[in-house]
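Here is a short briefing to read alongside the model. Let's start with the surface and then move inward.

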Amino acid sequence: MIDINKNTNTNTNNNTNNNNNTNRKYSFADGIVFFKEVFALFIANYNKVNILTFAMFATLLLSISIPLINIVAPLFFPIIFLMYIYGIHLQVNSKNKERIFTLSKLNNFKLLKTPFNKENVFTLLSYAGFLIIITSLVAFLTTIMDGGVLKDILLQNKLNTLNSLNNENAANFDVNNIGQATIFAMIFYAVCSTIIFAAQYFAPLLILQQKMKLLKALFFSLFTCYFQWKALCSFFLMLGLVIVLPIIIISLVIAIMSAILTSGLISVILLFLIVYYLFLMLFLTHLSQYYLYKKFFINFN
């Protein structure tokens, strides 16, 4: 027999906790504490999600490398990433802390599709399409502002031209056009990119877990990032340092090793380390997204 009163009290307590968590405004110092907790989860679980991470990584690579499929693949990226986050959720909250996803338990990958239904899959596809359109629109507007100079700089086309000594006219054209219009375009691009990032950061999880519609999920994600901007700034500062510093060190090691040794075996080992590092960063990045969502919204089944 189900105790209705007990369930009601439990739901009331959960709603109260949700409200308290949503209404609390975290500080800059809290963001550093958040990162310490995420890194502790990372250390405790990174070796338990290698197979899952490899599967997600391989799926992404295949989807962008196969002709025709790569055209529509970006629409399915949010679903792939959410499956990965759900897998992280299952692993992190596993009571016996065993590896849920292994080569001997391939059938467990069926669990990843559990939280999805037709309604939220359609909303997630709409979300991906919306992001593609709005990002393209921002890029188009920057092109109008400065004649495409910023776009070419980001794509390194103009930088390559500037480094060429055989094309003085093109070089002069670039130098003359990197002026106020380009600076304004850079500011516009940075502001719009920040807003887009904030609006989309929690939106997929809100769509999946709280069954929100697209615009509502984007709004609540943007509002939460604005409301908790201090904690998020310190958190992403720490996350950026952890990701960028090893890349710099790895690049220096590769440059030194390449200058000293020419062995093919060394190159293979370094390539393996780079790929494995990407695996770790993929896990850390989405573990951070999962953790922050739970911290700000709690609801994750």
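**Surface, fold and core**

The protein exposes about 18,000 Å², and carbon and sulfur atoms supply 69% of this area (Shrake-Rupley method, 1.4 Å probe; for residues, only the protein chains shown count as cover). This is a predicted model: local features need pLDDT of at least 70, side-chain atom pairs count only at pLDDT 80 or more, and totals for chains, interfaces and linings use all residues. Residues are numbered from 1 along each chain as its sequence is written, and side-chain values use heavy atoms, with hydrogens and water left out.

**Fold**
- The protein has 13 helices and zero strands (DSSP runs numbered from the N terminus: helices are H or I with at least four residues, strands are E with at least two).
- Among contacts (heavy atoms within 4.5 Å) between residues at least 6 apart in sequence, 77% join residues at least 24 apart.

**Core**
- Of the 301 residues, 35% count as buried (under 20% relative accessible area; exposed is over 50%, partly exposed in between).
- The largest nonpolar core (buried Ala, Val, Leu, Ile, Met, Phe, Trp, Tyr and Cys joined through side-chain atoms within 4.5 Å) has 57 residues, and Phe 34, Phe 202, Leu 287, Leu 292 and Phe 296 have the most contacts inside it.
- Helix H13 (residues 264-297) gives the largest share of this core, 13 residues.

**Nonpolar patch**
- A nonpolar surface patch of about 850 Å² includes Phe 28, Leu 237 and Leu 252 (patch residues have over 30% relative accessible area and no salt bridge; nonpolar side chains are joined within 5 Å, like charges within 9 Å; a salt bridge puts a Lys or Arg side-chain nitrogen within 4 Å of an Asp or Glu carboxyl oxygen).
- Helix H12 (residues 229-260) supplies the largest share of the patch, eight residues.
- Leu 252 lies in helix H12 and is exposed, with a relative accessible area of 52%.

Terms used
Buried means under 20% relative accessible area, exposed over 50%, partly exposed in between (1.4 Å probe, protein chains only).
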